[in-house]
Amino acid sequence: MLRFAVVGIDHGHIFDHVNGLLAAGAEFAGYCEKTSVPELVDAFRRTYPDAPVVDRETIFGDDSIDVICIAAVPADRAGLAIRAMEAGKDVMVDKPGMTTGAQLAAVRETVGKTGRIFSVCFSERLCVPSAVKAGKLVTAGAIGKVVQTIGMGPHRKSAGQRPDWFFELDRFGGIIIDIASHQIDQFLFYTGSETAEVAAASIGNFATGDHPAFQDFGEVLLRSDHAAGYIRVDWFTPDGLPTWGDGRLTILGTDGYIELRKYVDICGRDGKDHLFLVDRTHTEYIDCSGEKLDYFDQFVTDVRERTETAMSQAHVFEVCRLSLEAQEKAHNITAR
């Protein structure tokens, strides 16, 4: 049985990693309590009361542990992943997997040298049932050839509940790296693009003046050799919305389109994971709340059989490269 441990509990996405691997039949070997968000570790203890607390070096040195899950501060994730891979572990890292080009180069070198798996869990696709269903529909040809994606990733800022690093550019990496890496992953996946170019990008700070280094708005225009993608991310979710963000994705094909309302259907149906399909013959609503998540089962298989069924290593590195490039190229449109 695959055994995994957790190092770096600074983002709530770590719960997705643990729950997904447990559901896939893996054994939770323990976790390091070091964190910048004590409330998160408190919740972690309550959720997994039987999981042992283990210091970080003991986890790295335990040969019985196969996988390390990492949701540390974004700037620290690559370093911990490299430490884990050099210790013979495969890694599952929260997005973004890294925040600098130097980190990308170091991770590439370590993967090449060790042969370990560096997987970034892009949760807005891999942990969202409607996004999984959309992938199956696209693969089945339900909307023809995909030519464009429009991805919206709004989030609630909740500034009073955030740790200091949340507002520090060199720690969170920038809004495109931090959030839009989700939508870049989705563009490459749904359009079947192996690579792309950054046609344009913008960032801004329109309503967080007390933290001038913060970025509360970002947008990216991508272009591959057969598809286009527009991305908008922000921290402007209004308090009136009953969830943290109205995440949406539209996938345009030559024979129809799919729209996802991942987390809420405002003034519409209850619950999450709403999918709307329009093709040449009809319109259809699909409740995807019961759709199975495939990523964690596939990841466990990949660890055991040294395959790439969950996602290719090349895809992970290309998402990271495009995120870094778009962030670097982004024009600051903050009003002066």
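**View 1. L252 and its partner across the β10–β11 pair.** In this predicted model, L252 stands opposite Y257 of β11. Strands β10 (residues 248-253) and β11 (residues 256-261) run antiparallel, and six bridges join them.

**View 2. The nine-stranded sheet and its edges.** Let's step back to the sheet as a whole: it is open, its pairing is mixed, and its nine strands follow the order β13-β12-β11-β10-β6-β9-β8-β7-β14. At the edges sit β13 (283-287) and β14 (331-332), each of which pairs on one side only. Helix α9 (residues 175-191) packs on this sheet, where it touches β6 (146-154), β7, β8, β9 (228-234) and β10. The direction of α9 makes about 150 degrees with that of β9. Helix α11 (residues 313-329) lies across β7, β8 and β14, and runs at about 55 degrees to β7.

**View 3. T208 in the loop between β7 and β8.** Here we look at the loop that links β7 (197-204) and β8 (217-223), where T208 is found. T208 has a relative accessible area of 2%, so this residue counts as buried. Its side chain joins that of K157 through a polar contact of 2.8 Å. Beyond its neighbours within four places in sequence, T208 is in contact with F167, F214 and D216 as well as K157.

**View 4. Helix α1 meeting helix α10.** The axes of α1 (residues 14-23) and α10 (residues 295-305) come within 8 Å and cross at roughly 70 degrees, and the two helices are therefore roughly perpendicular to each other. From α1, D16, H17, G20 and L21 meet F296, F299 and V300 of α10. Sorted by class, this contact has four nonpolar, two polar and one charged residues.

Notes: Residues are numbered from 1 along each chain as its sequence is written. This is a predicted model: local features need pLDDT of at least 70, side-chain atom pairs count only at pLDDT 80 or more; totals for chains, interfaces and linings use all residues. Side-chain values use heavy atoms; hydrogens and water are left out. Axes are lines fitted to C-alpha atoms, for helices over the stretch in contact, and angles run from 0 to 180 degrees between N-to-C directions. Helices (H or I, at least four residues) and strands (E, at least two) are DSSP runs, numbered from the N terminus. Angles under 35 degrees count as roughly parallel, over 145 as roughly antiparallel, 65 to 115 as roughly perpendicular and the rest as oblique. Contact means heavy atoms within 4.5 Å. Ala, Val, Leu, Ile, Met, Phe, Trp, Tyr, Cys and Pro count as nonpolar, Asp, Glu, Lys and Arg as charged, and the others, Gly among them, as polar. Buried means under 20% relative accessible area, exposed over 50%, partly exposed in between (1.4 Å probe, protein chains only). A polar contact is a pair of N or O atoms within 3.5 Å; within protein, one must be able to donate a hydrogen and the other to accept it, and residues adjacent in sequence count only if both atoms are side-chain atoms. Two strands pair if DSSP finds at least two bridges between them.
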